[in-house]
Amino acid sequence: MPTKSLQLNEFVVYLKNWFSYHDKDYSDCININISDIKNLKECEFGKNKQKFIIAFKFINPQDKYKCAFGFNINQGKLKCRHFYKSHSESSWRVGTGWRTGQRKGKEGDWVKGAEGPNFALEHMEGGYIGEGLLQFAFEKYLEDFEETFIPPYKSNIYDILKNAGIAEDYLYSDNPSIQAEYIKARNIIPDSLYLLNKNNKYKEDLYKKSQVFFQKDVVFANEIKDDDVLWGVINQCLNNGPIKRYKFYHEILKENCITEIYGLKNIYIEIARTEKTKNLNFCSKSGLATHSVNSPICWVKNVYIWENAQLVTSEEEWGNVSTFGNYSDYADDLWFLVQKPMDYIFQCVPKNVQYILNSAENDCINLKKIGYYKSSNIFANNFYNNFKYVSLAFYNEKYSKLIQEYKKKNNFQLFKSKSNKFNLTKLIKTLTEPDNLQKIVLLLIHGCQTYKFLHKNEDSTGTRRCKDFIKILQENFNVITYDKLGNIMHDLFSENRIGNTCYTENKWFGRILTNENSLFTVCARSLLNLQEYKEAVDSFDKNNPIKIAYMTNYTKKEDWIIRFYIESLKEKLLDINKDQSGKLLEKIKNYK
């Protein structure tokens, strides 16, 4: 921890001394002295050995950002450089000056990347959330660098520079020179995604947008999410496992995080996650139903281009590093991949949506929606108490099939896997569509064949009933309907009859047996092999059961098959024994 607190005039001296070395020949400045700071050390990052000197580090009192000031050494010249640590990403970013009063209420804010004349955002290319991040070993170097001093409480770096006339043209004029340098320092490479798969239906305008754009208009996010050809290309990066891993600490999440780097030819994709799982909440589109999963928070941290990964021997050598400390080469059509683990509310939602914030545990508050917003389900409900960030954990998974596949490969629980109503609705839809009904008929016929194999007596009542069951299923196979199949199942398994034939002696209404090898038990085992049912079982949470009111919509005779699957799902049955068979049939028959 720094022990020295500065007065305002002392802080001004540090900044003046720092900029006094800008654009000087390094050979003339071997012993750089900034106020009382001496014996500054060089550090190198990237395979291209980009050299930097960090002079001092402090926490900016205005916004609580960690800041570092120093130099890049390039072609024998010292160039002033400054860096700051993002709260939302908990990662160090490139500094490219400060905004002037061109944007109302934004004067003195950090410039992010290359904003261009009049702060036109299109000049930022893919935005700051990927392009602005430093090479990861450089990040660690800055994080470990000891804080030098505590600046005066009410000091504002922009005001100090402006009032003292320090670096006006370089850092905060309408067209600051530092941004012109930045634009030259990093290379934006076109059509990298297109070259991976020229058959892909190429959506150039969308691929070049950043996450902030998609957060505010999920129509476009859905368009990318549903592009299976696109994700089929990108998800290939996961096939060979991560090339490299590194760790960092996320100060707002208060969690250690792991970043894994995956390669896709010359494209490198960094996927970050919390080291431990967290209990994460999300809600339905209506906002009425809430669910929770226990999963790491995952996001795509960065995407960049590099040709020489196989030649690296240390973390410091990773990548080609620009004179600003970030990577020097980026694909112009992969910006849509890059994500943040959280963001400010106003960067996630339309302005006309209102929220109530309620206090809760662990420095978090619940987000509750007022009014109608059809995509409110993209928001999880956790914020950092001071900065009012909304978690993007659900959003990042829902709209990135790369994150979905990453979580599956690591056996992390998916958000959607906890939505019982979603899985039941999908299952019920399967049970009511003609093509899928034929699959169910085939499963029943398979069950009957198994029963015939187990029971060799051709003259028994059970065998005759089984043959009659096969016959009526085959007769109706091409014209099967939901109601017709339901009635056939009800008649046989609830009343022990097919058509006008009852298989219980001296009674019109009978009861079918439910022993270990009875027709019902054998057919039930076959029905449980329906793929859509297995998917529902895999994700069904008995602690968050389907509401009884929802299930009791299916009480008619023709709803027999849906009742079978609902009751099986409640017990998560993948096989069935004698006792389960009897209880299951009783529940189906007497469903209320």
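Ser-494 is buried in this predicted model. Its relative accessible area is 2%, and the cut-off for buried is under 20%. Ser-494 belongs to helix α17, which spans residues 482-495. Its side chain has a partner: the side chain of Trp-560 makes a polar contact with that of Ser-494, at 3.3 Å.

Helix α17 also carries Phe-493, which pairs with a ring from another helix. Phe-469 sits in helix α16 (residues 461-475), 24 residues away from Phe-493 in sequence, so the pair links distant parts of the chain. How are the rings of Phe-469 and Phe-493 arranged? Their centres are 5.8 Å apart and their planes stand at 85°, so the pair is edge-to-face. The cut-off for that label is over 60 degrees. Phe-469 counts as buried because its relative accessibility is 0%. Phe-493, at 3%, counts as buried too.

The count of aromatic pairs comes to 46. A pair of aromatic rings is described by the distance of the centres and the angle of the planes. Take Phe-56 and Phe-69: the ring centres lie 5.4 Å apart and the planes are at 10°, so this pair is stacked. Phe-56 comes from strand β2 (residues 50-59) and Phe-69 from strand β3. The two are 13 residues apart, and the pair links distant parts of the chain. Both Phe-56 and Phe-69 are buried. They also belong to one aromatic cluster. Its other members are Phe-11, Tyr-14, Trp-18, Phe-19, Phe-58, Phe-149 and Tyr-170.

Strand β3 leads on to the charged side chains. It covers residues 66-74 and includes Lys-66. Side chains of opposite charge can pair when their charged atoms come close. Lys-66 meets Glu-143 in a salt bridge, 2.9 Å from N to O. Glu-143 lies in helix α3 (residues 136-144), so the bridge ties together parts that are 77 residues apart in sequence. Is each partner buried or partly exposed? Lys-66 counts as buried, because its relative accessibility is 13%. Glu-143 counts as partly exposed, at 28%.

The count of salt bridges comes to 28. Another one joins Glu-131 and Arg-186, with the closest N and O atoms 2.7 Å apart. Glu-131 is in helix α2 (residues 128-131). Arg-186 is in the loop between α6 (177-185) and β6 (187-189). The two residues are 55 apart in the chain. Both are buried.

Glu-255 and Lys-278 form a further salt bridge, and here the closest N and O atoms are 3.3 Å apart. This pair joins two strands: Glu-255 is in β8 (residues 255-264) and Lys-278 in β10 (residues 278-283). They are 23 residues apart. Glu-255 is buried, with a relative accessible area of 14%. Lys-278 counts as partly exposed, because its relative accessibility is 21%.

Some salt bridges join up. Asp-23, Lys-79, Arg-81 and Glu-181 are linked in a network. Arg-81 has a second kind of partner as well: its charged end sits over the ring of Phe-324, 3.7 Å from the ring centre. Lys-301 is placed in a similar way. Its charged end sits over the ring of Phe-248, 5.2 Å from the centre.

How values were computed:
Residues are numbered from 1 along each chain as its sequence is written. This is a predicted model: local features need pLDDT of at least 70, side-chain atom pairs count only at pLDDT 80 or more; totals for chains, interfaces and linings use all residues. Side-chain values use heavy atoms; hydrogens and water are left out. Helices (H or I, at least four residues) and strands (E, at least two) are DSSP runs, numbered from the N terminus. Buried means under 20% relative accessible area, exposed over 50%, partly exposed in between (1.4 Å probe, protein chains only). A polar contact is a pair of N or O atoms within 3.5 Å; within protein, one must be able to donate a hydrogen and the other to accept it, and residues adjacent in sequence count only if both atoms are side-chain atoms. A salt bridge is a side-chain nitrogen of Lys or Arg within 4 Å of a carboxyl oxygen of Asp or Glu. Rings of Phe, Tyr and Trp (its six-membered ring) pair if their centres lie within 6.5 Å; planes under 30 degrees apart count as stacked, over 60 as edge-to-face and the rest as tilted. A charge sits over a ring if NZ of Lys or CZ of Arg is within 6 Å of the ring centre and within 35 degrees of the ring normal.
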